[in-house]
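User: I would like to go through the pockets and charged pairs here, with the criterion behind each term set out.

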Amino acid sequence: MKPETKIIISVTGLGYVGLPLALEFAKEFKVIGFDINKERIALMQQGIDPSNELTSVAFEHADITFTSNYEDLSSANFHIIGVPTDIDKNKVPNLQPLLSASQSIGKVLKKGDTVVYESTVYPGCTEEDCVPVLEKYSGLTAGIDFHFGYSPERIVPGDKVRTVRKILKIVSGNSPEALEKIAAVYGSIIEAGLHQAPSIKVAEAAKVIENTQRDINISLMNELAIIFDKMDIDTQAVLEAAGTKWNFHNYQPGLVGGHCISVDPFYLMHKAKKIGIDPQVIAAGRRVNDFIPTFIAKKVAQTLIELGKNPGKARVLVMGVTFKEEVSDIRNSKVIDLIQELQDYSIDVDAIDPNASPVELQQHYGLALQSQPSGTYDAIVLAVGHAQYRNMTPLEFEKLSNGETLLFDIKGVMNKKEFKNYWRL
């Protein structure tokens, strides 16, 4: 069922989640896109995606207004909040962006409006933390004066196939009436279909366990990689052999960063501890995955020593700093941890990445990003599998090397038979 066309949608938070969603809705409705970052707003007004995920074509034929003034949202009656949910230095959920967005929407909320949250949270967050803020700043009563719901984002950065319209959407509402309205609005753009969750908490829990499950599975592969490395067994060869069984799950070891998989488990653990449960498996998975940069850096230093090179006088090239291939996002990238671990061995590290911003890397982490390699290196760490790196030949690596190539292929994308000194997880 397509909702009435008088609906005007506001989308708060125009990052890799909010902007694609806003632009899709803008093909069906009038949309107001809000973000507190004025520089990002200025770019979007020019048809430029600051996250480098969308081309200018995505902005065409879109009835959308971009603003950094929350008062401009007062004409909307269907509000979507998709701001980032991160953790602080103590790995405790940081709800401030979410609560600030709720405050802004609360100030413009009217009777009959609907508010839907898309940010990843722990079960209960929408009803227990966010809705009271909406009520406080609007003076309205939730469930009586306005509807609310939760529809978790499922965008995969860098995925050009599973885009907004082609990803099945979970929707939920505070009442059957709210759910019907929310489902109608989302159903107007989602071609893959909707799953109507029986409650908001179910929808919240479904989202947070998606990445938690993946985190735990990858942590097992990482722990196996550590064990097999000690036994001088090629982990990739083991996984290829085990993968011949029809029900073996194909997960790969690697750096687990980004704003989802490395963050979401802490939200679930936080809530579990608040209700008196100390989660063991989830916490163990996080510890293993957080340890991998330390493990790799130690392996690089040990190998340099074994080859008669002093780590304190060695130069290492790290190729790729984003949290995954073919994206520009450096948030929570574990490559940053790896670089810092290498530097702790007094290794001179150069980092390159065709997609990352040198300004952002310097601002967020105090690290320099080279535009291109400089001279030769005692070791090369292929940290992110950008296509530009995957397509390199052994000769190209050799030209970057001080003597024989020493390659640490974190993503396992190169042919190990073509290199004498080669290591992978």
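User: How many residues line the largest pocket, and which of them lie nearest its centre?

Analyst: This is a predicted model, in which local features need pLDDT of at least 70 and side-chain atom pairs count only at pLDDT 80 or more, while totals for chains, interfaces and linings use all residues. Residues are numbered from 1 along each chain as its sequence is written, and side-chain values use heavy atoms, with hydrogens and water left out. The largest pocket is lined by 50 residues, with Gly15, Asp35, Arg40, Pro84 and Arg331 nearest its centre. A pocket is an open set of points on a 1 Å grid over the protein atoms alone, where a 1.4 Å probe fits, with protein on both sides within 12 Å along at least five of seven lines; a lining residue has an atom within 4 Å of a point.

User: What makes Asp290 and Lys334 a salt bridge?

Analyst: The term requires a side-chain nitrogen of Lys or Arg within 4 Å of a carboxyl oxygen of Asp or Glu. The closest N and O atoms of Asp290 and Lys334 are 3.2 Å apart, so the pair meets the definition. Asp290 lies in helix α9 and Lys334 in helix α10, so the pair ties together parts that are 44 residues apart in sequence.

User: Why is Lys334 called buried, and is Asp337 buried or partly exposed?

Analyst: Buried means under 20% relative accessible area, exposed over 50%, and partly exposed in between (1.4 Å probe, protein chains only). Lys334 has 14% and is therefore buried, whereas Asp337, with 27%, is partly exposed. Lys334 also forms a salt bridge with Asp337, at 3.4 Å between the closest N and O atoms.

Technical notes. Helix = DSSP H or I, 4+ residues; strand = E, 2+ residues; numbered from the N terminus.
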